[in-house]
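Subject: Structure handover

Hello,

Here is the structure for your files. My notes on what was found follow below it.

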Amino acid sequence: MSVYLEDNGIIVGTGSHEKNHITRVYVTPQYQNKGYGNDEKRRYEFVKEYRIMIVDDEPDILDLLERALKMEGYEHILKISHGRSAINSCRENHPDLIILDVMLPDMDGYEVCKQIREFSLCPILFLSSKNDELDKILGLAVGGDDYVTKPFSPKEVAYRVKAQLRRTAYRQSPFQQDVIKIGELMIDPEGCRTLKGNVPIELTAREFEILQYLAENKGRVISRERLYETIWGEDSDGCDNTVMVHIRHLREKLEEDPSAPRYIITMKGLGYKLVNPYET
């Protein structure tokens with residue numbers, strides 16, 4: 001991949017693995033500077049301890065994202081170019097967030113995500129030139145928490161990272177509410193655990209956020225738009241499929257019969273609500 005910096009701050013390159021897609025990465029003048037002043041350093045002091053893993057086989061993309069993240073105050077950044085190495089490194093280094101390219105030399109990012117989800121709930125942000133709706137749905141279905149298509153803005157990626165880590169920090173806050181019990185379900189916001197009849201239920205980070213939000217609003221109808229804007233932190237345009245995929249996977253893990261759910265109820269034309277099936 002060839003990359004060069006133009007006067008207007010645009011970096012242009014050609015991907016070597018993703019069907020020869022042209023990748024244009026727009027860089028604001030901020031990212032052409034080599035650092036930031038003391039005020040900015042103080043402002044970003046709280047993010048220094050986060051560990052972020054970037055997995056991409058293009059060295060220039062790795063360097064670009066590393067630079068963008070460091071401009072936002074993140075200092076512990078691990079760069080990896082192969083899927084198998086990413087899985088092993090995740091086990092050893094326990095990153096707080098992973099930026100994961102879909103097309104890697106040894107295995108695709110979807111499979112990497114699936115294997116990581118067997119032992120880690122850290123947020124995973126997919127990065128890919130594949131921008132079909134089905135590709136995005138697949139990325140979310142295998143356990144991804146966000147999906148950014150190329151061309152991408154490094155600043156946008158950095159802010160998506162911030163949003164994911166902010167939600168993670170909220171879930172781990174010592175001021176979290178007590179364990180929520182609804183029927184046989186037990187939802188532990190502080191420990192990010194879900195049990196049904198004392199049996200642990202493995203949920204992705206995004207699935208847990210959705211379940212927790214529905215549980216905190218037990219019995220209330222939550223629209224798809226509100227759910228998406230609250231959990232994903234983005235405008236809800238075109239959110240229907242994304243929310244439906246996550247609700248379907250939650251039902252598959254929580255319900256005895258996902259086709260006839262008793263906990264997560266669909267209110268046609270309105271949204272979803274979480275109920276206690278044992279309450280009349």
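One open sheet has four strands in the order β9-β10-β11-β12, paired antiparallel. Its edge strands are β9 and β12 (199-200), each of which pairs on one side only. Strands here are DSSP runs of E with at least two residues, helices are runs of H or I with at least four residues, and both are numbered from the N terminus. Two strands pair if DSSP finds at least two bridges between them. Strand β11 (residues 193-196) is joined to β12 by two bridges, and Leu195 stands opposite Pro200 in β12. Helix α7 lies across β9, β10 and β11 and runs at about 110° to β10. Such angles run from 0 to 180 degrees between N-to-C directions, with axes as lines fitted to C-alpha atoms, for helices over the stretch in contact.

Before the rest, the conventions. This is a predicted model in which local features need pLDDT of at least 70 and side-chain atom pairs count only at pLDDT 80 or more, while totals for chains, interfaces and linings use all residues. Residues are numbered from 1 along each chain as its sequence is written, and side-chain values use heavy atoms, with hydrogens and water left out.

The protein chain has nine helices and 14 strands. Of its 280 residues, 50% are buried (under 20% relative accessible area, with exposed over 50% and partly exposed in between; 1.4 Å probe, protein chains only). Among contacts (heavy atoms within 4.5 Å) between residues at least 6 apart in sequence, 58% join residues at least 24 apart.

A further open sheet has five strands in the order β5-β4-β6-β7-β8, with parallel pairing. β5 (76-80) and β8 (146-149) are at the edges with a single partner strand each, so one side of each has no neighbour in the sheet. Neighbouring strands in this sheet are turned by 15° against each other on average, direction ignored. Helix α2 (residues 59-71) packs on the sheet and touches β4 (51-55), β5, β6 (97-101) and β7; the direction of α2 makes about 170° with that of β5.

Within this sheet, β4 and β6 pair over four bridges, and the partner of Ile52 in β6 is Leu97. β6 and β7 also pair over four bridges, with Asp101 matched to Leu127 in β7. Four bridges join β7 (residues 124-128) to β8, where Ser128 stands opposite Thr149. Five of the five residues of β6 are buried, so β6 is largely enclosed by the rest of the structure. Leu97, Ile99 and Asp101 point one way from β6, and Ile98 and Leu100 the other way.

The axes of helix α8 (residues 224-231) and helix α9 (residues 240-254) come within 10 Å and cross at roughly 85°. The two are therefore roughly perpendicular (65 to 115 degrees; under 35 is roughly parallel, over 145 roughly antiparallel, the rest oblique). Residues in the contact include Leu227 and Tyr228 of α8 and Val243 and Ile247 of α9.

The largest nonpolar core (buried Ala, Val, Leu, Ile, Met, Phe, Trp, Tyr and Cys joined through side-chain atoms within 4.5 Å) has 26 residues, of which Ile210, Leu214, Leu227, Ile247, Ile264 and Leu274 touch the most other members. The largest share of this core, six residues, comes from α7. Leaving aside neighbours within four places in sequence, the contacts of Ile264 include Leu214, Ile247 and Leu274.

Regards
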